[in-house]
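The exercises below ask the reader to work from the displayed coordinates towards a reasoned description. Each task is followed by a solution that proceeds step by step.

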Amino acid sequence: MILQLFYLLVGFLLLVKGADWFVEGSASIAKKLGIPQLVIGLTIVAMGTSMPEAAVSITAALNHNAGITIGNIVGSNILNILIILGITALITNVAVQKSTLYYEIPYMIGITMVLMIFGMFDAKITFGEGIVCLVLFLLFLVYLFVMSQKGGASKEAEVKELPAWKCMAFMLIGGIMIVKGSDFVVCGASEVARYFGISERIIGLTIVAFGTSLPELVTSVTAAKKGNAGIAIGNIVGSNIFNILFIVGVVALICEVPFERKFLMDTAIAMISGALLWIGTIKNKELRKPCGAMMLAAYAVYFIFMLFGY
């Protein structure tokens with residue numbers, strides 16, 4: 001058991017650092033190829049913090065452990081809002097852009113509802129439903145690009161200038177770290193679940209979700225401490241949308257994704273979390289400390305109910 005927990009820890013470390021290096025190298029090489037910073041920011045950099053979720057979910061599907069996928073995605077989305085934004089709001093008030101408030105948060109809530117409807121009918125996400133998710137994801141990318149052209153999106157990503165050899169090294173080493181890290185996480189989490197008799201659903205919603213949400217946590221808290229917390233909500237919402245549409249969509253193309261009936265409650269909690277974020281920011285156009293405290297309390301209640309196996 002100690003060995004499996006060690007695998008989990010090493011896996012999370014490899015995922016976080018590997019994703020960081022891969023994004024840095026690929027963004028730099030894209031800039032060298034003349035791809036606009038705007039496009040790089042909307043794709044490579046914006047998706048970078050969700051790479052651990054993607055790697056773990058795809059690896060789980062390939063290893064016939066796809067039951068981890070929904071727990072990982074839904075659990076990460078709940079954590080991203082209630083824990084990460086809750087902690088960030090306690091550090092400082094977090095401003096929210098109008099586009100995030102009026103378009104992106106409602107879109108996030110809407111696609112979470114779509115995911116719940118998919119799972120409600122036949123307890124799985126099928127190939128066709130995966131296609132629907134990817135189409136909705138492409139529409140979101142088009143929206144982001146249009147908003148950016150109009151100046152309604154976040155600032156362009158700052159991309160470091162790296163030597164070509166270093167870019168390739170970062171991409172290669174980062175890619176290997178992501179792959180091996182996801183292997184360690186999936187194997188370690190599955191063994192821990194079997195040892196304690198815990199379902200893959202609970203493991204996905206808690207340990208795996210927390211581990212794969214580390215990049216978002218580090219990014220948001222660091223931004224808050226540096227006085228740049230305004231980027232936190234947009235990044236979290238974008239990451240949640242990417243988690244559902246791209247990751248679930250891709251995994252569903254590989255194999256049907258099991259959707260346990262109990263996930264309906266978890267998905268509903270993810271929708272409620274989004275609604276709480278929207279209600280907490282709509283009046284003052286920022287997320288303030290009282291709402292942050294309420295989010296953390298809401299997650300504590302959810303966690304207790306989850307432990308009692310609702």
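Helices, as DSSP runs of H or I with at least four residues, are numbered from the N terminus. The model is a predicted one.

**Exercise 1. Establish which helix gives the most to the nonpolar surface patch, and place one of the patch members.**

Solution. Begin with the membership: Phe127, Ile131, Val135, Leu139 and Leu253 make a nonpolar surface patch of about 440 Å². Next, consult the helix boundaries, where helix H6 spans residues 127-149 and gives the most to the patch, with 4 residues. For the general background, an α-helix has 3.6 residues a turn, so residues three or four places apart point the same way. Finally, take valine 135 as the example: valine 135 is in helix H6, and its relative accessibility of 45% counts as partly exposed.

**Exercise 2. Describe the overall make-up of the protein in terms of secondary structure, burial and contacts.**

Solution. First, count the elements, which gives 12 helices and 4 strands. Second, classify the residues by accessibility: 50% of the 310 residues count as buried. Third, compute the accessible surface, which comes to about 13800 Å², with 72% of it belonging to carbon and sulfur atoms. Fourth, take the contacts between residues at least 6 apart in sequence, among which 87% join residues at least 24 apart.

**Exercise 3. Compare the span of helix H1 with its expected value, and examine what follows the helix.**

Solution. Helix H1 covers residues 2-32, which is 31 residues. The expected span is 1.5 Å times one less than the number of residues, and for H1 this is 45 Å. The distance from the first C-alpha of H1 to its last reaches 45 Å, close to that expectation. Just after H1, glycine 34 takes a positive phi of about 85°.

**Exercise 4. Identify the residues that touch the most other members of the largest nonpolar core, and follow one of them outwards.**

Solution. The largest nonpolar core has 58 residues, and those touching the most other members are Ile70, Ile125, Leu277, Leu287 and Met295. Helix H10, residues 230-254, gives the most to this core, with 12 residues. To follow methionine 295, leave out residues up to four places away in sequence; the residues it then touches are Ile81, Leu82, Leu85, Gly86, Leu276, Leu277 and Leu287. A second core of 18 residues is separate, and its members include Phe12, Met51, Ala60 and Ala193.

**Exercise 5. Find the salt bridges, and state for each partner whether it is buried or partly exposed.**

Solution. The count comes to 2 salt bridges. In one, the side chains of lysine 124 and glutamate 256 meet at 3.2 Å, N to O. Lysine 124 lies in strand E2 (residues 124-125) and glutamate 256 in the loop between H10 and strand E3 (257-258), so the pair ties together parts that are 132 residues apart in sequence. Lysine 124 is partly exposed at a relative accessible area of 28%, and glutamate 256 is likewise partly exposed at 43%. Another pairs arginine 288 with glutamate 286 at 2.7 Å, N to O. The cut-off for buried is under 20% relative accessible area; glutamate 286, at 17% relative accessibility, therefore counts as buried, whereas arginine 288, at 35%, counts as partly exposed.

**Exercise 6. Locate the positive phi values of alanine 123 and lysine 285, and set them against the general expectation.**

Solution. The expectation comes first: most residues other than glycine have a negative phi. Alanine 123 departs from a negative value, with a phi near 60°; this residue is in the loop between H5 and E2 and is partly exposed, with a relative accessible area of 28%. Lysine 285, which is not a glycine either, has a positive phi of about 60°. The place of lysine 285 is the loop between helix H11 (263-282) and strand E4 (286-287), and its 31% relative accessibility counts as partly exposed.

**Exercise 7. Characterise the surroundings of proline 106.**

Solution. Start with the element, helix H5 (residues 98-122), in which proline 106 is found. Then take the accessibility: proline 106 is partly exposed, with a relative accessible area of 35%. Leaving out residues up to four places away in sequence, proline 106 touches Thr100, Leu101 and Trp278. Lastly, the C-alpha atoms of proline 106 and glycine 274 are separated by 8.0 Å, although these residues are 168 residues apart along the chain.

Methods:
Residues are numbered from 1 along each chain as its sequence is written. This is a predicted model: local features need pLDDT of at least 70, side-chain atom pairs count only at pLDDT 80 or more; totals for chains, interfaces and linings use all residues. Side-chain values use heavy atoms; hydrogens and water are left out. Helices (H or I, at least four residues) and strands (E, at least two) are DSSP runs, numbered from the N terminus. A nonpolar core is a set of buried Ala, Val, Leu, Ile, Met, Phe, Trp, Tyr and Cys residues joined through side-chain atoms within 4.5 Å. Buried means under 20% relative accessible area, exposed over 50%, partly exposed in between (1.4 Å probe, protein chains only). Contact means heavy atoms within 4.5 Å. A salt bridge is a side-chain nitrogen of Lys or Arg within 4 Å of a carboxyl oxygen of Asp or Glu. Patches are made of residues with over 30% relative accessible area and no salt bridge: like charges are joined within 9 Å, nonpolar side chains (Val, Leu, Ile, Met, Phe, Trp, Tyr) within 5 Å. Accessible areas come from the Shrake-Rupley method with a 1.4 Å probe; for residues, only the protein chains shown count as cover.
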